Amino acid sequence: MSGVGIWGVGKGLPKELVLNDDFIARGLDTSDEWIRSRTGIQSRYIAGPDEATSDLAYMAACEAMAAAGVVPAEIDLIVVGTTSPDYLGFPSVACILQQRLGIRVVGAFDVAAACSGFNVAMTTATQYFVSGMATCALVVGADCLSKYVDWTDRSICVLFGDGAGAAILKPVQSGYGVLYSRLYADGSHADILNIQGGGSRQPFTKAVLDNKSHFIHMQGRAVFKVAVTAVLDALQTALTAIGRTPEDLALFIPHQANLRIVEYVREKMGLTEAQCFTNLQQYGNTSAASIPIALCEAYAQGRICDGDLIALVGFGAGFTWGVNLIRWGGYS
Ligand code: UT7
């Protein structure tokens, strides 16, 4: 076979835009200055009571299919990276999406790797092409983590936003598309970022609700340290594996969690500002959606051209991280 590449991208966002100052108006003890200087975030979109993860995924998928010129009948695989599905457990967002898009009976499933979800979904879908089990895949990263945060916890609620991004994967010419994929996980860091209540370990009870253990808990500084080491090692290893250097990268699209993390990695890698894409300023941390939303915007802004080498590097709870190096274009 030739390669597997991205033919079209799309994004889906909730209706409500929340500015940093809106938190103060809601009575939270924070400031625009703190949020901007510690994270880079200026605003984020938050899903309303009538919006769930599959609604945003559906918007993103429709946009990606239109961009790729693909109709539902062509899709033979759906992989969704999410850890905030519409329903606890099942059905999956992938199955809800399949039904809404009118896609015939095909393989459709969610993968759970928190903010690394899109990398895991991309890597998984790519392997279906390699094994001959897929010819046209819809790959989505979608999350509504705002529904899992304690809106009185200033250390968490200002960080996250909701959204979805999607990509259509199809064969491309040899030498293009996904050149390298690698997934990593280190479960020994499971305790630095988690949601403890509401699962099979601590099913929902009044105590879970009272203790707020069904919300996201994070040791921010510990996550920060693990993240920068993981991203730096993974990106360097990936470039070396394909015989490239940081100068060869047209665009580095990291998970959009914190501008300080992105800047630290960018400087350590010796990348210029022009080689690095960020949009967390507008969207906050949208978890599995952050990389495909960024990819979508970078492409729309003309920051990605045919022949460009781009790096997608995700990291998140688990602890998980992953890299996809993609040579853009090669359509024929
Ligand atoms: O996508 C998943 C991956 N997640 C991440 O990558 C997150 C990585 N970590 C981070 O981005 C940063 O650690 C945070 C942005 C979460 C926190 O920044 P920090 O510089 O590590 O701050 P901190 O947690 O050490 O808190 C510093 C101070 C504390 O006050 P004291 O104890 O020094 O008096 C906090 O209570 O800032 C306080 N603080 C706030 N103040 C105003 C925490 N949140 C806020 C807030 N507004 N929203």
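An oxygen atom of the ligand is found 2.6 Å from an N or O atom in the side chain of Asn-285, a polar contact in the sense of a pair of N or O atoms within 3.5 Å. The protein covers 75% of the 960 Å² of accessible area that the ligand has on its own, with areas taken from the Shrake-Rupley method and a 1.4 Å probe. This is a predicted model, in which local features need pLDDT of at least 70 and side-chain atom pairs count only at pLDDT 80 or more, while totals for chains, interfaces and linings use all residues. Residues are numbered from 1 along each chain as its sequence is written, and side-chain values use heavy atoms, leaving out hydrogens and water.

Backbone atoms take part as well. A polar backbone atom of Arg-154 lies 2.8 Å from a nitrogen atom of the ligand, and a backbone N or O atom of Gly-220 is 3.0 Å from a ligand nitrogen.

Turning to the surroundings, the ligand has 23 residues around it, of which Thr-30, Arg-154, Arg-221, Asn-258 and Asn-285 come nearest; a residue counts here if one of its heavy atoms lies within 4 Å. By class, this shell holds eleven nonpolar, seven polar and five charged residues, with Gly placed among the polar ones. H8 supplies the largest share, four residues, where helices are DSSP runs (H or I) of at least four residues, numbered from the N terminus.

And where does the ligand lie? Because domain 1 (3-175) and domain 2 (179-327) both give residues to the shell, the ligand lies between them; the domain bounds come from an automatic or database assignment.

Technical notes
Polar contact = N/O pair within 3.5 Å; in protein donor to acceptor, adjacent residues only side chain to side chain. Helix = DSSP H or I, 4+ residues; strand = E, 2+ residues; numbered from the N terminus.
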